[in-house]
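Trainee: Could you take me through the charged side chains of this model, one part at a time, and then set them against what surrounds them?

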Amino acid sequence: MPYQNILLIDDDEDDQEIFLSALENVSNSVNCITISNAVTALEKLSRRELETDLIFLDLNMPLMNGQEFLIELKNRQEVRDIPVIILSTSSNVSTVQQSKQLGAADFIKKPDSFDELVHILKSVLI
């Protein structure tokens with residue numbers, strides 16, 4: 001499995017819990033840290049307080065939204081190569097295109113069901 005340490009940045013605690021539950025159904029060997037604030041996540045990543053192979057990122061968050069986080073991440077030499085997958089309720093074509101232009105590795109619309117999320121995580125992580 002190429003990803004051992006992943007980071008979920010999402011301000012919605014329910015979405016965090018669902019993500020973690022789905023991840024448990026996919027793999028017990030992947031470590032996942034959740035952070036609800038993109039500013040805090042960026043600071044911890046930049047200071048190397050977090051080791052992560054992959055970031056799942058929500059777009060709609062207070063203080064710093066997902067696209068602002070992506071811009072800042074890609075401008076920092078020490079963390080710019082960490083792949084970022086946008087996981088958002090938005091599926092607006094221009095939002096998807098802009099996110100990919102800013103450096104997102106992929107853009108996934110948050111699924112409507114738990115089983116769909118498990119399937120998505122399997123396709124990304126296995």
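**Salt bridges and their surroundings**

Mentor: The structure holds six salt bridges, a salt bridge being a side-chain nitrogen of Lys or Arg within 4 Å of a carboxyl oxygen of Asp or Glu. This is a predicted model, in which local features need pLDDT of at least 70 and side-chain atom pairs count only at pLDDT 80 or more, while totals for chains, interfaces and linings use all residues. Residues are numbered from 1 along each chain as its sequence is written, and side-chain values use heavy atoms, with hydrogens and water left out.

One of the bridges joins Lys 110 to Asp 58, with the closest N and O atoms 3.6 Å apart. This pair links distant parts of the chain, for Lys 110 is in the loop between β5 (106-109) and α5 (114-125) and Asp 58 is in the loop between β3 and α3, 52 residues apart; helices (H or I, at least four residues) and strands (E, at least two) are DSSP runs, numbered from the N terminus. Both Lys 110 and Asp 58 are buried, where buried means under 20% relative accessible area, exposed over 50% and partly exposed in between (1.4 Å probe, protein chains only). Asp 10, Asp 15, Asp 58 and Lys 110 are linked in a network of salt bridges.

Glu 49 takes part in bridges with Lys 44, at 3.9 Å from N to O, and with Arg 47, at 2.6 Å from N to O. Glu 49 is partly exposed, with a relative accessible area of 45%, and Lys 44 is likewise partly exposed, at 28%. Arg 48 is placed in the loop between α2 and β3, and its phi is near 60°, a positive value in a residue other than glycine. Thr 52 also lies in the loop between α2 and β3 and counts as buried because its relative accessibility is 12%. From C-alpha to C-alpha, Thr 52 and Cys 32 are 8.7 Å apart in space and 20 residues apart in sequence.

A positive phi, of about 70°, is also found at Leu 63, although Leu 63 is not a glycine. Leu 63 lies in the loop between β3 and α3 and counts as exposed because its relative accessibility is 70%.

Charge without salt bridges appears in a negative surface patch formed by Asp 11, Asp 12, Glu 13, Asp 14 and Glu 17. Patches are made of residues with over 30% relative accessible area and no salt bridge, like charges being joined within 9 Å and nonpolar side chains (Val, Leu, Ile, Met, Phe, Trp, Tyr) within 5 Å. Within this patch, Asp 14 is placed in helix α1 (residues 13-26) and is exposed, with a relative accessible area of 53%.

Turning to the interior, the largest nonpolar core has 22 residues, of which Ile 9, Leu 45, Ile 55 and Phe 69 touch the most other members; such a core is a set of buried Ala, Val, Leu, Ile, Met, Phe, Trp, Tyr and Cys residues joined through side-chain atoms within 4.5 Å. Two or more residues of this core come from each of β1 (5-9), α2 (38-46), β3 (54-57), α3 (66-74) and β4 (84-88), and α2 gives the largest share, four residues. Ala 38 is placed in helix α2 and counts as buried because its relative accessibility is 0%. The C-alpha atoms of Ala 38 and Phe 107 are separated by 17 Å, the two residues being 69 residues apart along the chain.

Notes: Areas by Shrake-Rupley, 256 points an atom, 1.4 Å probe, with all protein chains shown as cover. Lys, Arg positive; Asp, Glu negative; His and termini not counted. Charge placed at Lys NZ, Arg CZ, Asp CG, Glu CD.
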